[in-house]
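Dear colleague,

I am writing to hand over the structure shown below. Please keep it open while you read the notes that come after it.

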Amino acid sequence: LPPIAALVGRRVAHPARRWIVAWCLALVVESVLGRTLGLRGVHNLWVSYTFLPLTTGMALWALSYWQARSTLRLALRSSIPVVFVVSVALTVAVDSPSSFSLVAAPFPGLVLLLAALGTFIHLSLRADAPLLGYDWFWVTSGLVIYAGTTAAIQPLGWYFLAEREELVRAVWSVSAAGVILAFIAIAWGLLCPELPISSGGSSSPPSSRSSSSRSDS
């Protein structure tokens, strides 16, 4: 949905939006690959192990463009190689790509959850217009839902798969609904009009808000 919204709305001048679209397209590739292997009866859990550090890094890079301070932007970008290294280390030391992940998959999800939630709170405190008009409000809300859902699903699968496979299937369906809700929110954010980002030290959040908000200001 977000790439379609970006295509229809033609509002991807902001680099954060372009990276969000790229992140979604990478997730599409991951889903198609995993589903193709699964339908053929081929083991596919390794796909999420491979893609998760990459897609998390793309989402963190997108969030960095919405930071109001250069230090926060640098912190998010510096965390990307750390997430990659730690994810690989946890995969080798604790988890196995042949089964659901206990820590290697939840770790990037929790990092993204904290980054999206922190961005949401930081920009909300600096907002000078109704929050519903800002693109980052919807995108970060969607990222919080997505990251929270994906961080929880793998450990649940790891814990219950051996004895309660039907429960794992039910939880997976619920998580799918959460992911759909997340992408609806992100797509709505990409449909919001963009505002130019000031090159000066403005105190307003570097993002977009609705045209009604602009007219009120």
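The notes below describe aromatic pairs, a charge over rings, a helix and a surface patch.

Please bear in mind that this is a predicted model.

Aromatic pairs

The model holds 9 aromatic pairs. One of them joins Trp-23 and Phe-183, whose ring centres are 5.8 Å apart and whose planes meet at 45°, a tilted arrangement. Trp-23 belongs to helix α2 (residues 15–39) and Phe-183 to helix α7 (residues 165–191), so this pair ties together parts that are 160 residues apart in sequence. Trp-23 and Phe-183 are both buried.

The pair of Phe-120 and Phe-137 is likewise described as tilted, because the ring centres lie 5.4 Å apart and the planes stand at 40°. Here the link runs between helix α5 (residues 106–126), which holds Phe-120, and helix α6 (residues 135–160), which holds Phe-137; the two residues are 17 apart in the chain.

Are Phe-120 and Phe-137 buried or exposed? A residue counts as buried under 20% relative accessible area. Phe-137 has 14% and is therefore buried. Phe-120 has 22%, so Phe-120 is partly exposed. Together with Trp-138 and Trp-188, Phe-120 and Phe-137 make up one aromatic cluster.

A charge over two rings

Which rings does Arg-77 lie over? The charged end of Arg-77 is placed over the ring of Trp-61, at 4.3 Å from the ring centre. Arg-77 also lies over the face of Tyr-65, with a distance of 4.6 Å to that ring centre.

Helix α1

Helix α1 spans residues 2–9, and its buried residues are Pro-2, Ala-5, Ala-6 and Gly-9. Viewed down the axis of α1, these buried residues fall within an arc of 100°, so they line one face of the helix. The face turned away from that buried side carries Ile-4, Leu-7 and Val-8, which are exposed. After α1 comes Arg-10, which has a positive phi, near 55°.

A nonpolar surface patch

Leu-1, Ile-4, Val-8, Ile-180 and Ile-184 make a nonpolar patch of about 510 Å² on the surface. The elements that contribute two or more residues to this patch are α1 and α7. Ile-180 lies in helix α7, and its relative accessibility is 52%, so Ile-180 counts as exposed. Ile-4 and Val-8 thus appear in two places in these notes: on the exposed face of α1 and in the nonpolar patch.

Yours sincerely

Conventions: Residues numbered from 1 in each chain as written. Predicted model: local features only at pLDDT ≥ 70, side-chain atom pairs only at ≥ 80, totals over all residues. Heavy atoms only, no water. Phe/Tyr/Trp six-rings, centres within 6.5 Å; stacked < 30°, edge-to-face > 60°. Helix = DSSP H or I, 4+ residues; strand = E, 2+ residues; numbered from the N terminus. Buried < 20%, exposed > 50% of the residue type's maximum accessible area, 1.4 Å probe, protein only. Lys NZ or Arg CZ within 6 Å of the ring centre and 35° of its normal. Arc of directions from axis to C-beta. Patch = residues over 30% accessible without salt bridge, like charges linked within 9 Å, V, L, I, M, F, W, Y side chains within 5 Å. Areas by Shrake-Rupley, 256 points an atom, 1.4 Å probe, with all protein chains shown as cover. Salt bridge = Lys/Arg side-chain N within 4 Å of Asp/Glu carboxyl O.
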